[in-house]
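The following note sets out several points for a colleague who is beginning to examine this structure. Please read each point with the model in view.

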Amino acid sequence: MDEIGIGLIGTGYMGKCHALAWNAVRPVFGDGPRPRLVHLGEATAELAARRADEFGFAKSSGDWREVIADPAVEVVSITTPNAFHAEMAIAALAAGKHVWCEKPMATSLADAERMAAAAAQASGKVTALGYNYIQNPVIRHIERLLGEGAIGTVNHVRLEMDEDFMADPEAPFYWKSEASSGYGALDDFGVHPLSLLHRLFGGVTRVMANQAKPYADRPLATGGRRAVETWDIASVLFELPGGVSGLMALDRSAWGRKGRIAMQIFGSTGAIAYDQERFNEFQLYTAADRGTEQGFRTVLAAPAHAPYDRFIPAPGHGLGFNDLKVIEAHEVLKAIRGEPARIIDFGAGLGIERAVHAMARSHNERRWVDV
Ligand SMILES: NC(=O)c1ccc[n+]([C@@H]2O[C@H](COP(=O)([O-])OP(=O)(O)OC[C@H]3O[C@@H](n4cnc5c(N)ncnc54)[C@H](O)[C@@H]3O)[C@@H](O)[C@H]2O)c1
């Protein structure tokens with residue numbers, strides 16, 4: 001397999017990120033098939049043609065079904081708003097394509113279940129969700145340290161995810177404030193820290209959640225105001241397998257926070273701290289250090305933390321957000337080649353969706369809910 005045909009649906013923030021990843025994956029990793037950018041779909045034919053020219057796709061269409069129907073397309077990247085994921089992914093699987101779909105899976109549990117069922121039926125077809133943060137070489141190394149017992153037995157995990165893109169109360173109403181987009185912070189957002197919990201600890205088993213709306217309404221572009229239907233803030237108590245306790249705070253209206261996914265992992269002999277806003281480093285504390293020198297040490301990402309070495313031979317120079325998608329694209333290609341791959345497929349992704357919906361139910365029923 002020298003080449004693999006790529007289809008891309010949606011060309012906004014994530015669509016560009018996928019296009020960059022498909023373009024970079026072969027030069028960065030030097031193995032696997034070379035992605036051939038075959039067919040790009042957008043909401044209009046005019047935008048599709050413009051983006052196809054920019055990104056380097058041979059064909060374009062204003063109808064996403066044409067991308068999926070194209071026999072030269074073997075993998076479909078789905079980077080449209082959440083409400084489209086289920087229909088597009090299920091259609092792509094039915095057409096015999098591999099699917100790399102952005103997170104969250106869907107806006108309802110029923111749709112996520114249909115996606116997982118379609119994936120289970122599509123034998124030999126790979127599905128992957130856009131949980132790029134698990135690809136960070138630093139997160140991979142933290143996983144290794146946990147496996148090696150570097151901080152002993154983990155007894156508490158604390159996570160915060162904060163951004164400020166919904167912080168301005170006068171920012172216009174858009175789809176992220178509509179109930180049709182999902183719950184809000186929990187699914188738009190909380191699925192990312194949940195992907196870390198899934199990867200590092202096997203996911204959450206019980207949850208107790210509270211959601212909040214910082215602003216009751218937002219201005220409409222056409223005049224007047226519209227009631228906000230989603231929850232921009234959520235606080236969650238959770239348990240991990242084995243009863244390990246945890247706490248997660250989510251806020252997409254947190255002024256000053258730009259891309260924070262802060263994680264503290266406490267164990268019997270040490271602790272690890274990480275923050276996505278400084279994602280080329282992590283902090284390690286080991287109680288075995290002499291009392292006179294005890295303290296968190298900052299470890300900078302380096303070629304020793306694979307696959308950092310595939311990008312840069314020098315330590316401490318740092319990867320960027322888009323590089324995580326290049327690593328993710330490489331994992332998708334590994335899975336297509338039948339190799340073990342670090343991806344969250346639709347089956348595993350359904351577990352994350354179930355956790356989100358359990359949190360929403362906990363909020364509604366004001367009680368602990370099993371996942
Ligand atoms: N993995 C991450 O870190 C991450 C970050 C941001 C967004 N996302 C996810 O990516 C997805 C897209 O978010 P975004 O921020 O890129 O949105 P966006 O609004 O920037 O882009 C969405 C694109 O989809 C196109 N589109 C809409 N309807 C379409 C249709 N019917 N057919 C074809 N194209 C259509 C729009 O024209 C637009 O170009 C969402 O599911 C979001 O949750 C993931």
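1. In this predicted model, 24 residues surround the ligand, and those that come nearest are Met-14, Glu-42, Asn-82, Lys-103 and Asn-132. By class, this shell consists of ten nonpolar, ten polar and four charged residues.

2. Some of the contacts with the ligand can be described atom by atom. The side chain of Glu-42 places an N or O atom 2.4 Å from an oxygen atom of the ligand. The side chain of His-192 likewise has an N or O atom 3.4 Å from an oxygen atom of the ligand. With Gly-130 the backbone takes part: one of its N or O atoms lies 3.1 Å from a nitrogen atom of the ligand.

3. How much of the ligand's accessible area does the protein cover? On its own, the ligand has 850 Å² of accessible area, and the protein covers 82% of this. Helix H1 (13–29), helix H4 (85–94) and helix H10 (321–336) are the elements that each give two or more residues to the shell around the ligand.

4. The site of the ligand should be considered next. The ligand sits in the largest pocket, whose volume is about 820 Å³. This pocket is lined by 38 residues, of which Tyr-13, Met-14, Lys-103, Trp-175 and Lys-176 are the closest to its centre. The elements that give two or more residues to the lining are H1 and H4. Sorted by class, the lining has 16 nonpolar, 14 polar and eight charged residues. Met-14 and Lys-103 should be noted in particular: both are among the residues that come nearest to the ligand, and both are among the closest to the centre of the pocket.

5. The backbone also deserves attention. Most peptide bonds are trans, and most residues other than glycine have a negative phi. Against this background, a cis peptide bond joins Lys-103 and Pro-104, with omega about -15°. Pro-104 belongs to the loop between strand E5 (98–101) and helix H5 (109–121).

6. Where is the cis peptide bond with an omega of about 0°? It joins Ala-306 and Pro-307. Pro-307 is placed in the loop between strand E16 (297–300) and helix H9 (308–311).

7. A final point concerns Arg-366, which has a positive phi of about 55° although it is not a glycine. Arg-366 lies in the loop that runs between helix H11 (346–365) and strand E17 (369–370).

Terms used: Residues are numbered from 1 along each chain as its sequence is written. This is a predicted model: local features need pLDDT of at least 70, side-chain atom pairs count only at pLDDT 80 or more; totals for chains, interfaces and linings use all residues. Side-chain values use heavy atoms; hydrogens and water are left out. A residue is near a molecule or strand if one of its heavy atoms lies within 4 Å of it. A polar contact is a pair of N or O atoms within 3.5 Å; within protein, one must be able to donate a hydrogen and the other to accept it, and residues adjacent in sequence count only if both atoms are side-chain atoms. Accessible areas come from the Shrake-Rupley method with a 1.4 Å probe; for residues, only the protein chains shown count as cover. On a 1 Å grid over the protein atoms alone, a cavity is a set of points where a 1.4 Å probe fits but cannot get out, and a pocket is an open set with protein on both sides within 12 Å along at least five of seven lines; lining residues have an atom within 4 Å of a point. A molecule sits in a cavity or pocket if more than half of its atoms lie within 2 Å of its grid points. Helices (H or I, at least four residues) and strands (E, at least two) are DSSP runs, numbered from the N terminus. Ala, Val, Leu, Ile, Met, Phe, Trp, Tyr, Cys and Pro count as nonpolar, Asp, Glu, Lys and Arg as charged, and the others, Gly among them, as polar. Grid points are joined across faces, edges and corners, and a volume is the space filled by probe spheres set on the points.
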